[in-house]
Amino acid sequence: AVNSNDNQLAIDYGATARGGLILSHLDLLAQANAGDAPALDPVLTGRLDLDHVGLMGHSRGGDGVVRAALMNAALEEPYGIESVLPLAPVDFGRLSLPDVPTYTMLPYCDGDVVNLQGQHFYEDSRYAFDDDVLRATGLVMGANHNFFNTVWTPGLYGFAVSDDWVWRDREQTNEVCGENA
């Protein structure tokens with residue numbers, strides 16, 4: 001529902017809904033860890049350490065994990081979110097994330113989020129707070145937006161998308177990106 005309605009119904013394109021969904025899943029995992037989630041496999045009871053959590057999200061999910069970390073910090077009893085990795089993220093809200101180590105991974109050949117707006121997570125936060133957490137960003141040469149996600153990788157699944165860089169560079173003139181690189 002978040003993906004199908006975020007462009008038309010939410011001013012933040014679903015980032016808050018994604019953040020809430022992540023926190024709801026952490027709630028379910030906490031219940032499972034306590035043995036209070038009968039619908040979940042009892043093998044999880046006592047095996048999860050929710051004081052040490054890392055979040056990773058791709059594309060709009062990258063925006064969602066940053067939002068989840070911000071929402072988590074406002075909780076009376078927050079989870080121990082210790083790191084966030086937005087992967088080929090969008091950043092529609094220009095969010096700044098204090099006190100959480102963040103590594104933003106960007107695809108050099110992103111044919112979807114062509115302005116690499118996820119770089120904002122680094123740029124907008126690095127001097128905004130008086131904390132000493134690690135913030136870094138990496139630009140992956142040759143990687144495009146969709147090839148970070150094997151469900152969308154062309155040829156692997158019947159409804160996969162195409163190479164998003166090829167769509168941008170139909171003449172294949174870029175020596176680093178695309179099928180002829």
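The exercises below work through a predicted model of one protein chain.

**Exercise 1. Fold and confidence**

Work out how many helices and strands the protein has, and in which order they come.

Solution.
- Count the elements: the protein has five helices and four strands.
- Read them along the sequence: the pattern is α-α-β-α-β-β-α-β-α.
- Check confidence: the mean pLDDT of the protein is 86, and 81% of the residues score at least 70.
- Locate the extremes: strand S2 (residues 81–87) has the highest mean, 98. Helix H5 (residues 164–168) has the lowest, 62.

**Exercise 2. The core**

Find which residues of the largest nonpolar core touch the most other members, and which elements give two or more residues to this core.

Solution.
- List the residues: the core holds 16, and those touching the most other members are Leu 26, Val 53, Leu 55, Val 66, Ile 81, Val 84 and Leu 97.
- Assign the elements: helix H2 (15–34), strand S1 (53–58), helix H3 (60–73) and S2 each give two or more residues. H3 supplies the largest share, four residues.
- Follow one member: leaving out residues up to four places away in sequence, Leu 26 touches Leu 50, Val 53, Tyr 79 and Ile 81.
- Set this against the whole chain: 37% of the 181 residues count as buried. Of the contacts with a separation of 6 or more, 60% join residues 24 or more positions apart.

**Exercise 3. A glycine in H3**

Decide whether Gly 64 is buried or exposed, and name the residues that it touches.

Solution.
- Place the residue: Gly 64 sits in helix H3.
- Apply the cut-off: buried means under 20% relative accessible area. Gly 64 has 0% relative accessibility, so it counts as buried.
- List the contacts: beyond four places in sequence, Gly 64 touches Ala 15, Arg 18, Gly 19 and Ile 22.
- Take one pair: Gly 64 and Ile 22 are 42 residues apart in sequence, yet their C-alpha atoms are 7.9 Å apart.

**Exercise 4. Salt bridges**

Find the salt-bridge partners of Arg 67, Arg 94 and Arg 126.

Solution.
- Start with the total: the whole structure has four salt bridges.
- Take Arg 67: its partner is Asp 12, with the closest N and O atoms 3.9 Å apart. Arg 67 is in helix H3 and Asp 12 in the loop between helix H1 (2–9) and H2, 55 residues apart. Both residues are buried.
- Take Arg 94: it pairs with Asp 124, the closest N and O atoms being 2.7 Å apart. Arg 94 lies in the loop between S2 and S3 and Asp 124 in the loop between H4 and S4, so the pair ties together parts 30 residues apart in sequence. Arg 94 is partly exposed, at 46% relative accessibility.
- Take Arg 126: it pairs with Glu 123, the closest N and O atoms being 3.4 Å apart. Arg 126 is partly exposed at 33%, and Glu 123 is partly exposed at 37%.

**Exercise 5. Positive phi**

Determine where Ala 88 and Leu 116 lie, and what their phi values are.

Solution.
- Recall the background: most residues other than glycine have a negative phi.
- Take Ala 88: its phi is positive, about 50 degrees. Ala 88 is in the loop between S2 and strand S3 (102–107). It is buried, at 1% relative accessibility.
- Take Leu 116: its phi is also positive, near 50 degrees. Leu 116 is in the loop between S3 and helix H4 (120–123).

**Exercise 6. The surface**

Identify the residues that make the nonpolar surface patch of about 360 Å².

Solution.
- Name the members: Tyr 108, Leu 139, Met 141 and Val 176.
- Inspect one: Leu 139 lies in strand S4 (residues 135–140) and is partly exposed, at 45% relative accessible area.
- Compare with the total: the protein exposes about 10400 Å², with 54% of it from carbon and sulfur atoms.

Notes. Residues are numbered from 1 along each chain as its sequence is written. This is a predicted model: local features need pLDDT of at least 70, side-chain atom pairs count only at pLDDT 80 or more; totals for chains, interfaces and linings use all residues. Side-chain values use heavy atoms; hydrogens and water are left out. pLDDT is the predictor's confidence in each residue, from 0 to 100. A nonpolar core is a set of buried Ala, Val, Leu, Ile, Met, Phe, Trp, Tyr and Cys residues joined through side-chain atoms within 4.5 Å. Buried means under 20% relative accessible area, exposed over 50%, partly exposed in between (1.4 Å probe, protein chains only). Contact means heavy atoms within 4.5 Å. Patches are made of residues with over 30% relative accessible area and no salt bridge: like charges are joined within 9 Å, nonpolar side chains (Val, Leu, Ile, Met, Phe, Trp, Tyr) within 5 Å. Accessible areas come from the Shrake-Rupley method with a 1.4 Å probe; for residues, only the protein chains shown count as cover. A salt bridge is a side-chain nitrogen of Lys or Arg within 4 Å of a carboxyl oxygen of Asp or Glu.
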